Amino acid sequence: MQTFSQYLNESGIDADLSQLLLTLTDSAKSISNAVQHGALAGVLGETEQENVQGETQKKLDIITNDMLKGALNADSTVKGLASEEEDHVVSVHRDGKFLVCFDPLDGSSNIDINSLVGTIFSVLPAKNGELTEQSFLQSGRNQLAAGYVLYGPSTMLAITTGSGVNFFTLHPETGEFLLTHADVTIPADTKEFAINMSNQRFWQPAMQNYIADLIKGDTGPRAKNFNMRWIAAMVGDVHRVLSRGGIFTYPTDNKKPNKPFKLRLMYEANPMAFLVEQAQGVASTGYESIMDIEPQEIHQRVAVVLGSANEVNECLKYHA
Ligand code: AFP
């Protein structure tokens with residue numbers, strides 16, 4: 001089986017981008033090791049700190065963020081980084097070619113219950129001149145690469161550089177990511193949806209009506225029964241969608257008037273949208289393609305509806 005580095009060498013990808021992707025995946029191996037130790041490494045539980053989102057930071061949030069920052073600081077191709085756990089963008093190397101946006105440990109609320117968590121990353125081109133937050137505010141269409149590492153029963157890497165999606169599985173003994181699923185494609189139809197149902201009364205009528213029709217199953221207008229999954233870690237739900245189809249959505253809700261959206265654009269929605277579109281799926285806010293959004297702020301949030309093309313398009317009809 002091809003290793004990730006062999007795959008990169010044979011893919012004709014820019015050598016500097018290959019170097020950066022190896023930096024990211026090597027760091028993910030260390031994160032995987034920390035996560036695998038769980039309570040034994042004294043890394044579970046919460047800190048007294050809050051991130052820019054106002055969320056209490058878990059110890060592993062901090063540890064994994066520091067691991068990724070350390071790895072990227074040592075990579076001369078990196079001009080700057082933006083992290084869910086960093087209030088502001090961080091300058092790295094003045095002459096670097098790339099900007100890296102990441103969520104070091106997505107699904108933090110799953111850490112203490114030993115459920116799925118992952119690292120999500122997005123690579124953008126750096127521009128000349130001084131690095132500012134503005135340097136990062138590029139649409140998802142500009143992404144040069146995007147992927148995640150899912151820390152589950154096996155540790156898996158999902159990656160795209162714009163020519164399809166491949167999965168690599170970490171070999172526990174050799175420490176190599178091996179190509180196990182080439183040219184991943186999302187089935188166009190599905191019977192599986194993922195949404196946090198507890199927010200139902202806060203959704204827009206369009207989403208309330210769409211989900212209500214799914215739940216009516218073969219007694220309703222869809223004339224087929226659906227199943228539901230909710231992992232509460234985007235990496236886990238998106239991996240299921242990439243692996244066997246489905247629709248995943250975190251729609252806008254009016255639960256908290258000052259926080260109409262949950263998922264972050266730059267380091268959750270955009271990288272996942274790139275992967276999903278490269279796997280023949282659709283990734284929308286309900287009203288526009290996620291990757292067409294012109295970002296206004298590094299930590300901005302957005303509504304997400306992504307997955308099987310035909311099913312997402314069915315959902316979008318309710319929003320039209
Ligand atoms: P945490 O990292 O705070 O656990 O949030 C994870 C997440 O951003 C995304 O990965 C999940 O899909 C979503 O939030 C889960 O949100 P709910 O906890 O409201 O279901």
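This passage describes a five-stranded sheet, a helix packed on it, and a second helix in contact with the first. The model is predicted.

The sheet is open and has five strands. Their order is β12-β11-β13-β17-β15. Pairing within the sheet is mixed. Strands β12 (227-228) and β15 (282-284) form the edges, and each pairs on one side only. At the β15 edge, the partner is β17, which spans residues 304-307. β15 and β17 run antiparallel and are joined by three bridges. Within this pair, A283 lies opposite L306 of β17.

Helix α8, residues 309-319, packs on the sheet. The helix touches three strands: β13 (247-250), β15 and β17. The direction of α8 makes about 150° with that of β17.

Helix α8 also packs with helix α5, which covers residues 205-216. The angle between α5 and α8 is about 135°, and their axes are 8 Å apart. That angle makes α5 oblique to α8, because values over 115 and up to 145 degrees fall outside the roughly perpendicular and roughly antiparallel ranges. The crossing of the two helices is right-handed.

Residues on both helices build this contact. From α5 come A206, M207, N209, Y210, D213 and L214. From α8 come E311, E314, C315, Y318 and H319. Sorted by class, the contact of α5 with α8 holds six nonpolar, two polar and three charged residues. Among the nonpolar residues are M207 and L214 of α5 and C315 of α8. The charged residues include D213 of α5 and E311 of α8.

Terms used
Residues are numbered from 1 along each chain as its sequence is written. This is a predicted model: local features need pLDDT of at least 70, side-chain atom pairs count only at pLDDT 80 or more; totals for chains, interfaces and linings use all residues. Side-chain values use heavy atoms; hydrogens and water are left out. Two strands pair if DSSP finds at least two bridges between them. Helices (H or I, at least four residues) and strands (E, at least two) are DSSP runs, numbered from the N terminus. Contact means heavy atoms within 4.5 Å. Axes are lines fitted to C-alpha atoms, for helices over the stretch in contact, and angles run from 0 to 180 degrees between N-to-C directions. Angles under 35 degrees count as roughly parallel, over 145 as roughly antiparallel, 65 to 115 as roughly perpendicular and the rest as oblique. A crossing is left-handed if the near helix is turned anticlockwise from the far one by less than a right angle, and right-handed if clockwise.
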